[in-house]
Amino acid sequence: HAKSHTEQDIAEIKMAWRLVTLILVTLLLVKPLGGIAYVGAIAFTIAAGLQLYLPIWRMDTLERDYDFLGLHRAQLGADLKLTAKLCALTFIPYALGYHLFVTEGHDWVRGFGFSELASYIPNRTWSPKLPSSLEQWLESLGWLLSLSATHFLGVALPEETFYRGYLQPRLEKLWPPQTAVFGVLLGKAAVVTALLFALGHFLGEWNPMRMGPFFPALLFAWLRNATGSIYGAISYHALCNIFGALLFTLYRTV
């Protein structure tokens, strides 16, 4: 029985490599379509749908339950508490870093002689504008609700289901985590999964700044292994994206 279980693990690891390759190739093909009206939205919906469908397909094929992907609510309370703590710890430092990056980063990098790299760095200035009427407040609220739905259901749910729900645990069969980080075991599998996740953002856009999601992906990996559930990773991922989008609105391009 142990032998057959090992053989099944090896077969599923190989399948995971094939599926992540399929996802990355799909993203490479759909990114150039992003600017085309309607076509871009359809292409990105297909890419997101694929990231959600493939793990569930594997779950059904292997006759496993939702625990296979970490989609269980047994640890939901712990997930939400950890998410709240991480938001409290990271959002203010991120906002300060973001401010320095977008207001000073372009000039700093160009000053060091890296003009080509500087072209990828936004050059923006602090310029917040609050809604001035009830109608504008309602429009802003509608925008925020739409943004939240998009990032929870259309971005974080499919991405975390695939990368942290399916891929990371399969790679942990290959490279068992052995390093305790604040009481949670992480290892090479979490790092490789984070690199593949960041690569999915970079492919088709070719902007080196798009490798940046590698760093929050390590926190998503930590949340996944802290509870065995991906709801914390989904929540924190979505909230990071929403917070980043809100920050973006407080600045204007110079």
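The following exchange concerns helix packing and cysteine geometry in a predicted model.

Me: Why are helix 3 and helix 8 called roughly parallel?
Reply: Helix 3 (residues 76-111) and helix 8 (residues 231-249) pack at an angle of about 25°, with their axes 9 Å apart. Angles under 35 degrees count as roughly parallel, and helix 3 and helix 8 are therefore described in that way. Their crossing is right-handed.

Me: Which residues make the contact between helix 3 and helix 8?
Reply: On helix 3 they include Leu80, Thr83, Cys87 and Tyr98, and on helix 8 they include Tyr231, Ser235, Cys240 and Phe248. The residues of this contact divide into 15 nonpolar, four polar and one charged.

Me: What makes helix 5 oblique to helix 8?
Reply: The axes of helix 5 (residues 134-174) and helix 8 cross at roughly 140° and come within 8 Å. Roughly antiparallel requires an angle over 145 degrees, roughly perpendicular spans 65 to 115, and roughly parallel lies under 35. The angle of roughly 140° belongs to none of these ranges and so counts as oblique. Helix 5 passes helix 8 in a right-handed crossing.

Me: What residues form the contact of helix 5 with helix 8, and how do they divide by character?
Reply: Helix 5 contributes, among others, Trp143, His151, Phe152 and Glu160, while the residues from helix 8 include Ala233, Ser235, Leu239 and Thr249. They divide into 14 nonpolar, six polar and two charged.

Me: How do you know whether Ser235 is buried or exposed?
Reply: Ser235, found in helix 8, has a relative accessible area of 13%. Buried means under 20%, so Ser235 is buried. Leaving aside neighbours within four places in sequence, Ser235 is in contact with Leu80, Thr83 and Phe152. Ser235 is listed in the contact with helix 3 and also in the contact with helix 5.

Me: Why do Cys87 and Cys240 not form a disulfide?
Reply: A disulfide is a covalent bond between the sulfur atoms of two cysteines. The sulfur of Cys87 is 6.2 Å from the closest cysteine sulfur, in Cys240, whereas a disulfide needs the two sulfur atoms within 2.5 Å. The separation is therefore too far for a bond. Cys240 likewise is in no disulfide, the nearest cysteine sulfur being that of Cys87. The structure holds zero disulfides.

Me: What makes Cys87 count as buried or exposed?
Reply: The relative accessible area of Cys87 is 15%. Set against the limit of under 20% for buried, this value means that Cys87 is buried.

Key:
Residues are numbered from 1 along each chain as its sequence is written. This is a predicted model: local features need pLDDT of at least 70, side-chain atom pairs count only at pLDDT 80 or more; totals for chains, interfaces and linings use all residues. Side-chain values use heavy atoms; hydrogens and water are left out. Buried means under 20% relative accessible area, exposed over 50%, partly exposed in between (1.4 Å probe, protein chains only). Axes are lines fitted to C-alpha atoms, for helices over the stretch in contact, and angles run from 0 to 180 degrees between N-to-C directions. Helices (H or I, at least four residues) and strands (E, at least two) are DSSP runs, numbered from the N terminus. A crossing is left-handed if the near helix is turned anticlockwise from the far one by less than a right angle, and right-handed if clockwise. Contact means heavy atoms within 4.5 Å. Ala, Val, Leu, Ile, Met, Phe, Trp, Tyr, Cys and Pro count as nonpolar, Asp, Glu, Lys and Arg as charged, and the others, Gly among them, as polar.
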